Amino acid sequence: MIEAINISKSFGKLKVLDDVSVKFDPGKTNLVIGQSGSGKTVLLKSLIGLIDPDQGKILYDDIVFSDLAFKEKKKIRQKVGMMFQGGALFDSATVIENVMYPLDMFTTDSYDEKLDRAHFCLERVNIENAGHLFPAEISGGMQKRVALARAIALNPKYLFCDEPNSGLDPKTAILIDALIQEITREFNITTVVNTHDMNSVMEIGEKVVFIFKGKKCWEGTRNEILDSDNHDLNDFVFANSLAKHIKNKT
Amino acid sequence: MNILSQIGSYFILLSKVFAKPEKKSVYYKQIVKEIQSLGINSIGIVIIISAFMGAVITLQTAYNTENPLLPKYLIGLGCRDSMMLEFSSTMIALILAGKVGSNIASELGTMRVSEQIDALEIMGVNSASYLILPKIIAALFFNPILTAISIIVGVTGGWIAVIATGVVSSEYFIIGIQYAFIPYYITYAMVKTVFFAFIITSVSSFHGYFASGGSIEVGRASTKAVVYSSIVILIFNVILTQLLLS
């Protein structure tokens, strides 16, 4: 389980996170939703230690991550997989080299074993034939899949996905969502997904946390979200005219 | 205050760069890759510039020493010493600061803004050491070779200019390049080259590694890398010359 307790973070005079406390359940797809600029990316980066919060604690299975020394943090980070918004694939390496990279760095496996594992991960995300291509030669959707394959290469215990659907067409977005959920269940990973895509929320949101203006505003499941009387959440969920139309009809 | 903060950040970055590598075999592969990228790929430009500069230095020395009181071998001697003392170490370093420095800063800057460096950090990799140390080692190893190539090609360029223009006979030029040779000048050139190699790679890496924003900032980081590397090289050129030749 991952837990954030009273996290606050400011950049200059701008308070981006204000006393946020949240628990992310193991074996579930936990979604953090909110408008652009609401603070969800800062929360995610604080959880994985890319940003040091001004106040509060981050716990990984009851270990206070934020208090750990660099070497101990490294051990936990090796159990973390991260899928970045833009993929963050290494441009100078092929797809298979990208997936093999964490294995090269942190395992003593033979080359063939690492290659087998990389092929397995690529197969798992349905792009087994793209191994020889460079990131610039594949589509945005494929880059996201490669990023997911790299994230699961070391059998992570925790998976973080930052806007996994941004820039994708609705059909590909649903495929990526489905992959994230399948992998979460298959490997019993604690997954945290940052998104503002309501399709994702309805498809895979087993637990949903709504961040509004840097504060945790609502928490629940995807089934509860439509019946919520939280004004800010309703403004976010029913922002587009199609959603408003459906809500009015029901 | 800003300059002091930048210098402080530079040394903090260096302390991360020289931390113990995670996996030596991976670093070894990176070093070989960087020798190719930063060193071998620079041989062409070093040869072209050195050959023409050697020729120009020879011709200028010849036209400025048209005096019967001055010995003819002075032209070869001038070409050799100019190449060894200043051109092949300092001028080539300034040229490499432009070519290699901008390459390093833009590569690291792009990695930073596209979150590739964050991806390394999350995996538990010391990104500063993994990305920068191989570049420094590759440059420390290969730049002295580039300097040696530059000296040889520069003097050869001067000799070809002498043959082509006839400003002095080939025999006098060859006597000149052998006359009063001081082996310590080679040491002097190599010591400077090693210092400059470190400056080019570390200063450029610093600007690229801490780039933020988008493509405009990466471009700015690249420009800053070249400007700051060049200024630091010029300052250290004076300091090293005083220390090594006094």
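Modeller: A crossing is left-handed if the near helix is turned anticlockwise from the far one by less than a right angle, and right-handed if clockwise. By that rule, helix α3 of chain B passes α6(B) in a right-handed crossing. This is a predicted model, where local features need pLDDT of at least 70, side-chain atom pairs count only at pLDDT 80 or more, and totals for chains, interfaces and linings use all residues. Residues are numbered from 1 along each chain as its sequence is written, while chains are lettered from A and ligands numbered from 1 in the order in which they are written.

Biologist: What makes α3(B) oblique to α6(B)?

Modeller: The axes of α3 (residues 43–64) and α6 (residues 127–165) of chain B cross at roughly 45° and come within 7 Å. Angles under 35 degrees count as roughly parallel, over 145 as roughly antiparallel, 65 to 115 as roughly perpendicular and the rest as oblique, so α3(B) is oblique to α6(B). The contact of α3(B) with α6(B) has 16 nonpolar residues, 9 polar and no charged.

Biologist: Which elements does chain B have?

Modeller: Chain B has 9 helices and 0 strands, where a helix is a DSSP run (H or I) of at least four residues and a strand one (E) of at least two. The C-alpha trace of chain B spans about 70 × 40 × 35 Å along its principal axes.

Biologist: How many residues of each chain take part in the contact between chains A and B?

Modeller: Chain A gives 14 residues and chain B gives 13, counting residues whose C-beta atoms, placed from the backbone, lie within 7 Å. On the side of chain B, helix α5 (residues 116–123) supplies the largest share, 6 residues. That side of chain B divides into 5 nonpolar, 3 polar and 5 charged residues.

Biologist: Why are β2 and β5 of chain A called edge strands?

Modeller: In the open sheet of chain A, the order is β2-β1-β4-β5, with antiparallel pairing. Strands β2 (14–24) and β5 (63–64) each pair on one side only. Pairing takes at least two DSSP bridges; β1 (residues 2–11) and β2 of chain A have 7. Ile7(A) stands opposite Val20(A) in β2(A). Helix α1 (residues 40–47) of chain A lies across β1, β2 and β4 (55–60), running at about 120° to β1(A).

Biologist: Which element of chain A has the lowest mean pLDDT, and which the highest?

Modeller: Helix α10 (residues 241–249) of chain A has the lowest, 68, and α3 (residues 95–106) of chain A the highest, 92, on a confidence scale from 0 to 100. Chain A averages 87, and 97% of its residues score at least 70. Where pLDDT is low, the predicted coordinates should not be read in detail.

Notes. Contact = placed C-beta atoms within 7 Å. Nonpolar A, V, L, I, M, F, W, Y, C, P; charged D, E, K, R; others polar. Axes fitted to C-alpha atoms, helices over the stretch in contact; angles between N-to-C directions. pLDDT = per-residue confidence, 0-100.
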